[in-house]
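Thanks for coming. Please have the sequence and the model open while I talk, and stop me if you lose your place.

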Amino acid sequence: MRYASTMPSLAARDTRCIWHPFTQMRTAPPPLPIVAGEGAYLITEDGRRLLDGISSWWVNVHGHCNPHISRSVAKQAERLEHVMFAGCTHPPAVELSERLLAKLPPSLTRVFFSDNGSTAVEVALKMAYQYWANRGEPQRRTFVALKHAYHGDTVGAMSASHDSLFTAPFKPLLFRVERLGVPRDYLSSLDPARDGTASERLAEFENLLAERGSEIAAVIVEPMVQAAGGMLVWKAEMLRQLRRLCDQHSLLLIADEVMTGFGRTGKMFACEHGPVEPDLICLSKGLTGGYLPLAVTVTSDRVYDAFLGKGHSRTFFHGHSFTANPLGCAAALAGLDVFDTQGVLARVSEIEARMRARLRRLVGRRFTHDARQIGGLAILELQTERGGYLADIAPRMGRAFLDRNLLLRPYGNIVYFMPPYVVTDREIEWVFDQIEQVAEEVTGLR
Ligand code: PLP
């Protein structure tokens with residue numbers, strides 16, 4: 001057995017000492033014991049091969065245990081595993097910054113490292129806030145975010161996120177944020193009856209700017225797709241209009257590309273769909289190919305220069321112990337090698353075309369409420385109860401998929417498929433067969 005371990009089996013051990021995310025329900029099933037990964041598959045302790053249809057919480061891009069990334073991390077571990085990044089630097093961080101900047105819009109010139117998506121967002125919010133204070137406009141303290149946004153689980157990121165089950169216990173701790181709805185016109189659907197025309201102007205935002213524009217520090221968005229908020233795909237036109245209005249009122253635009261970055265939407269970065277250049281961009285997840293926790297918040301000279309001063313009065317006092325961890329940087333560099341040498345984005349557009357063709361066939365089926373698609377992400381919203389994130393239908397579908405050796409994690413009535421880019425055409429076809437069958441089973445509709 002290739003994956004045999006000398007350790008006692010996971011299934012036989014009492015793992016209740018571990019507090020897993022979201023599993024405090026007494027009826028929660030035990031966690032899946034995963035012992036290995038191989039391409040698009042995760043391998044369980046008892047030898048089942050599960051197709052990882054959600055890229056392990058959206059982090060994996062080049063498949064599990066990609067040989068080039070694994071070797072690069074191993075090599076780096078033999079040279080320098082870690083050093084603090086305050087007052088020190090190291091080759092993988094410098095090379096990674098140079099290579100990332102070469103892929104980002106030219107106005108983004110300064111790379112700030114942290115270690116996960118939430119901290120990348122936290123850094124962006126703090127930078128935007130202090131930027132205005134340093135510039136002598138401390139009244140600009142308000143952030144504008146979209147309804148249904150999700151930006152992470154730390155306190156600032158939760159504040160920017162839409163009120164939800166996740167944020168409810170902490171409401172008194174969170175700062176107030178102005179919320180804009182994504183107008184119906186800006187929603188992107190494969191169903192012509194639901195697809196927006198992007199004709200509507202952002203009247204709500206314009207009114208807010210007219211009344212309180214001088215109090216606003218920044219606008220934060222998940223460009224093109226609001227992921228955890230319901231896999232809402234929106235139109236590039238709205239992104240362009242947001243940029244235009246930010247420019248008109250000198251506001252900073254923060255692009256949270258923690259999920260959308262690294263090819264997920266068919267472009268290296270979702271802002272390219274505009275195209276728009278954000279003032280700050282947050283990247284994590286796919287940054288290391290999904291190998292290690294690493295994040296960056298990249299910004300412009302305009303923002304950076306506001307932090308320069310003789311003393312410390314303008315300094316950005318933010319730094320994590322594992323900032324710019326060399327192993328994470330090595331994984332990220334190797335991940336970029338794969339992008340640069342293996343035609344990955346071209347493959348994502350093939351995946352997109354195949355997914356789109358299959359999804360289109362589901363539009364008009366009785367079980368379909370809506371079908372949306374962008375890049376390597378396919379979304380099927382079922383015609384059924386809308387119980388939100390915790391709707392009972394989600395775990396029922398999750399179990400049905402697992403029985404078919406497919407790992408998907410529906411949100412309520414929303415099933416989405418976001419595989420690593422090494423997924424084959426046959427596997428995509430197979431996954432859609434499973435989705436179709438499970439949708440029929442759970443809804444009783446055809
Ligand atoms: N921002 C977006 C858009 C996300 O989708 C996520 C996580 O799913 C985060 C931020 C938070 O990232 P992390 O889970 O690495 O803290």
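I will start at helix 1, residues 55-58, which contains Ser56. One caution before going on: this is a predicted model. Ser56 has a phi near 50°, a positive value in a residue that is not glycine. That deserves a remark because most residues other than glycine have a negative phi, and most peptide bonds are trans.

The second half of that remark brings up another place. Between Gly274 and Pro275 the peptide bond is cis, with omega near -10°. To find Pro275, look in the loop that runs between strand 10, residues 252-256, and strand 11, residues 280-283.

Now the sheets. One of them is open and made of four strands, in the order 1-2-3-15, with mixed pairing. Strand 1, residues 34-38, and strand 15 are at its edges; each has a single partner strand, so one side of each has no neighbour in the sheet.

Let us walk across this sheet. Strand 1 pairs with strand 2 in the antiparallel sense, over four bridges. Within that pairing, Glu38 has Tyr41 of strand 2 as its bridge partner. Strand 2, residues 41-44, then runs antiparallel to strand 3, residues 49-52, and three bridges join them. Here Tyr41 turns up again, standing opposite Leu51 in strand 3. Strands 2 and 3 form a hairpin with four residues between them. In the turn, Gly47 has a positive phi of about 90°.

In which sense do strand 3 and strand 15 pair, parallel or antiparallel? They pair in the parallel sense, over two bridges, and strand 15 covers residues 406-407. Leu51 stands opposite Leu406 in strand 15. So much for the walk; one general point goes with it. In a regular strand, side chains alternate between the two faces of the sheet.

The next sheet is also described by its strand order. Three strands make up this open sheet, ordered 13-14-16, and the pairing is antiparallel. Strand 13, residues 368-374, and strand 16, residues 414-417, are the edge strands, each pairing on one side only. From one strand to the next, the twist averages 15°. Strand 14, residues 377-382, pairs with strand 16 over four bridges in the antiparallel sense. As an example from that pair, Ile379 is opposite Tyr416 of strand 16.

What packs on this sheet? Helix 10, residues 344-362, does, and it touches strand 13, strand 14 and strand 16. The direction of helix 10 makes about 170° with that of strand 13. Helix 12, residues 425-443, packs on the sheet too, touching strand 14 and strand 16. The direction of helix 12 makes about 10° with that of strand 14.

One residue of helix 10 is worth a look: Glu352. Leaving aside residues up to four places away in sequence, Glu352 touches Gln373, Ile374 and Gly375. A polar atom in the Glu352 side chain lies 3.5 Å from the backbone nitrogen of Gly375. Glu352 and Ala378 are 26 residues apart in sequence, and their C-alpha atoms are 8.2 Å apart.

Set that beside Thr315, which lies in the loop between helix 8, residues 301-305, and helix 9, residues 326-341. Thr315 and Leu333 are 18 residues apart in sequence, while their C-alpha atoms are 29 Å apart in space. Again leaving out residues up to four places away, Thr315 touches Gln130 and Phe307. Its side chain also makes a polar contact, at 2.7 Å, with the side chain of His312.

Last, the ligand. Which residues surround the ligand? Among them are Trp58, Asn116, Gly117, Ser118, Tyr150, His151, Glu222, Asp256 and Lys285. By class, the shell has four nonpolar, five polar and three charged residues.

Three of these residues have short distances to list, each to an oxygen atom of the ligand:

- Gly117: a backbone N or O atom at 2.8 Å.
- Ser118: a polar side-chain atom at 2.6 Å.
- Lys285: a side-chain N or O atom at 3.0 Å.

How much of the ligand's accessible area does the protein cover? On its own the ligand has 380 Å² of accessible area, and the protein covers 83% of it.

That is where I stop. Questions are welcome.

Definitions and conventions: Residues numbered from 1 in each chain as written. Predicted model: local features only at pLDDT ≥ 70, side-chain atom pairs only at ≥ 80, totals over all residues. Heavy atoms only, no water. Pairing = 2+ DSSP bridges. Axes fitted to C-alpha atoms, helices over the stretch in contact; angles between N-to-C directions. Contact = heavy atoms within 4.5 Å. Near = heavy atom within 4 Å. Polar contact = N/O pair within 3.5 Å; in protein donor to acceptor, adjacent residues only side chain to side chain. Areas by Shrake-Rupley, 256 points an atom, 1.4 Å probe, with all protein chains shown as cover. Nonpolar A, V, L, I, M, F, W, Y, C, P; charged D, E, K, R; others polar.
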